[in-house]
Amino acid sequence: MSRRIPWFVLLPLLLLALWHLAVDRQWTPPGIIPPPAQVAESWFRWIFGAPGRSLSPYSGTWVANVLYSTRRVLEGFLIAAAVGIPMGLLIGWNRLVSSLVDPSIQLFRPVPITAWLPFSIAVFGIYDASALFLIGLGAFYPIVVNTTHGVRDTNLLLLRAARMLGAGPATIVAKVVLPSALPSIFTGLRLGVGVAWTAVIVAEMIAVKSGLGYVLWDAYYVGRMDICVATMFSVGLLGFLSDRVIHALSRLVLRWRTLEAHG
Amino acid sequence: MAEPRPVPAVQLVDVWKEFLKRGRRVEALQAIDFAVERNEFAAILGPSGCGKSTLLNMVAGFDRPTRGRVLVGGEPVEGPDPRRGVVFQEPALFPWYTVLDNITFGPRTVGRAPAEYRPRVEALLEQVGLRGFESHYPAELSGGMKQRVGIARVLVMEPQVLLMDEPFGALDAQTRSLMQELLLSVWERRHQTVLFITHDIEEALLLADSVSVMTARPGRIKKRLVVDLPRPRTLELTTSGVFNELKREVLALIREESVRAAAEKGD
């Protein structure tokens, strides 16, 4: 019986109610935080457009901005994966590559992605390239680190088994090390896509003139806190969805991990 | 008195092995002289930590001796090779491959044509009782079944020597007995040369043509006993008088050894 009740909605509903009460009873300074109903209404107009007046930048432009941001995240993330996974395999597998490259990665990694912003604009200008650089770099670190970790964690016995069955280094990397590292690689991809959404908002606030990050900053300047909040929800939702997509993909690829013994 | 004999399948000549453990040198194996003849089922029996797995790893090519020579078919061992199939204590199957893909991993890796290995795979699936489980993943199998896949995937390579490192040590008693019978029936078919590591006296006597008893660390071969029991053998053999006679002999050797080891520790 209790299984049928969707308990997960309880806390969000409570928080919504609290939010509504806080604004309604003026527990917060008036005019700063919009009530939930106003955010919902503005969000609806932003998505579907307002009848009659369509000149407002917050009328019917949601989909376009979501697509801008999503495309940037996707491109930056794919670049990060295309570089990060092979590099992680090399670092984890080859001691020479590891001692050559790994220390530098660990040195650069603590530099926050936001700190790269001026550099990125100076080099790439106010263009997509600037955003892609920040997103790609941000997503690269968790992907390369987790791939390396996954490779190093490969069971010695499986490596021995493969060698004993006649496998050379290339076969071992492709058929033993890579599949064995996949769970860890997917962890890196999930963390990476999270960072990518963070980076796209930062980049769009400053380095380009479109997308959800741009809308967020612009709305703040013109005092549209309702749009700011709607943007926050939008980004959260997109981040959640992209995480679900990668998770579903990993369940599909790693089907052999979720099976159970017959006894 | 040295009569010309055929080259042994496996031969260890004055093999010594030392390890570095926290900066200290540890002698694992001392002056091992040991041979397995062709078509012989040889067991090495010893207490845990006596270096018997180290010995097998050197024959497999995973490890090198500090001193001495390891020869297989008269040739020095340089590294792992499909001609020396290893069955590990843990099944060590590739969890992302099905039973069939695990068994065909070797032939596919060395580039054999499916037409060549298919008939043998089919026969092996039958012999080890895995028919119907070809498309299962290791996670779906019981411990005994996983180990049968582990055996089939090396037999499909038709190795010169089958190296087994306590392959049934992690199984429950009943499954272990079944696996011993299965191994006996597989062995009867091809009289495969086997080097079998175990600490189980009954297992060694039931399966092997010869049992070499090892000392506690540093490991040496204390004595090689010939198990002159009729074949084909079954589990019932373990209840016979002759079997118990041999068992008593091995027990006496091992007791002697543990008394000595305990006395040395007391120093």
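# A guided look at chains A and B

Visitor: In what order do the 4 strands of the open sheet of chain B stand?

Guide: In this predicted model, 4 strands of chain B form an open sheet with antiparallel pairing. The edge strands, each pairing on one side only, are β2 (24-36) and β5 (75-76) of chain B. Read across the sheet, the order is β2-β1-β4-β5.

Visitor: Which residue of β2(B) stands opposite Leu12(B)?

Guide: β1(B) and β2(B) run antiparallel and are joined by 9 bridges. The two strands form a hairpin with 2 residues between them, and Arg22(B) in the turn has a positive phi of about 50°. Opposite Leu12(B), in β2(B), stands Phe34(B).

Visitor: Which residue of β5(B) is the bridge partner of Leu71(B)?

Guide: On one side, β4(B) pairs with β1(B) in the antiparallel sense over 5 bridges, and there Leu71(B) is the bridge partner of Gln11(B). Strand β4 (residues 67-72) of chain B also pairs with β5(B), again in the antiparallel sense, over 2 bridges. In β5(B), the bridge partner of Leu71(B) is Pro76(B).

Visitor: At about what angle to β2(B) does helix α1 of chain B run?

Guide: Helix α1 (residues 52-60) of chain B lies across β1 (10-21), β2 and β4 of chain B. These three strands belong to the open sheet with the order β2-β1-β4-β5. Relative to β2(B), the helix runs at about 65°.

Visitor: Which strands are the edge strands of the open sheet of 6 strands in chain B?

Guide: The 6 strands of this open sheet follow the order β6-β7-β8-β3-β9-β10, and their pairing is mixed. Neighbouring strands are turned by 15° against each other on average, direction ignored. The strands that pair on one side only are β6 and β10 of chain B.

Visitor: Which residue of β8(B) is the bridge partner of Leu163(B)?

Guide: Strand β7 (residues 161-165) of chain B and β8(B) run parallel and are joined by 5 bridges. Within this pair, the partner of Leu163(B) in β8(B) is Leu195(B).

Visitor: What angle does the direction of α5(B) make with that of β6(B)?

Guide: Helix α5(B) packs on the sheet of 6 strands, where it touches β6 and β7 of chain B. Its direction and that of β6(B) make an angle of about 175°.

Visitor: How many residues lie between β9(B) and β10(B) in their hairpin?

Guide: Strand β9 (residues 210-214) of chain B and strand β10 (residues 221-226) of chain B pair in the antiparallel sense over 5 bridges. One of these pairings sets Ser210(B) against Val226(B) of β10(B). The number of residues between the two strands of the hairpin is 6.

Visitor: How far apart are the end C-alpha atoms of helix α6 of chain B?

Guide: Helix α6 of chain B covers residues 173-190, which is 18 residues. At 1.5 Å a residue, the helix should therefore span 26 Å. The model agrees, since the end C-alpha atoms are apart by 26 Å.

Visitor: Within what arc do the buried residues of α6(B) fall?

Guide: The buried residues of α6(B) are Arg176(B), Met179(B), Gln180(B), Leu183(B) and Trp187(B). An α-helix has 3.6 residues a turn, so residues three or four places apart point the same way. Seen down the axis of α6(B), the buried residues line one face of the helix, because they fall within an arc of 105°.

Visitor: Which exposed residues does the face of α6(B) turned away from its buried side carry?

Guide: The buried residues of α6(B) pack against β3 (41-45), α5 (143-155), β8 (193-198) and α7 (201-207) of chain B. The face turned away from this buried side carries the exposed residues Gln174(B), Glu188(B) and Arg189(B).

Visitor: Which element gives the most to the side of chain B that touches chain A?

Guide: The contact takes 23 residues from chain B and 18 residues from chain A. On the side of chain B, the elements that give two or more residues are β6 (84-87) and α3 (105-109). The residues of this side divide into 16 nonpolar, 4 polar and 3 charged. The element that gives the most, with 3 residues, is α3(B).

Visitor: Is Ser69(A) buried or exposed?

Guide: Ser69(A) lies in helix α3 (residues 62-93) of chain A, and among the residues that Ser69(A) touches are Val200(A), Glu204(A) and Gly211(A). Glu204(A) is 135 residues away from Ser69(A) in sequence, yet the two are 8.1 Å apart in space, C-alpha to C-alpha. Because 28 other C-beta atoms lie within 10 Å, Ser69(A) is buried.

Conventions:
Residues numbered from 1 in each chain as written. Chains lettered and ligands numbered in written order. Predicted model: local features only at pLDDT ≥ 70, side-chain atom pairs only at ≥ 80, totals over all residues. Pairing = 2+ DSSP bridges. Contact = placed C-beta atoms within 7 Å. Nonpolar A, V, L, I, M, F, W, Y, C, P; charged D, E, K, R; others polar. Axes fitted to C-alpha atoms, helices over the stretch in contact; angles between N-to-C directions. Expected span 1.5 Å × (residues − 1). Buried ≥ 20, exposed ≤ 12 C-beta atoms within 10 Å, placed from the backbone. Arc of directions from axis to C-beta.
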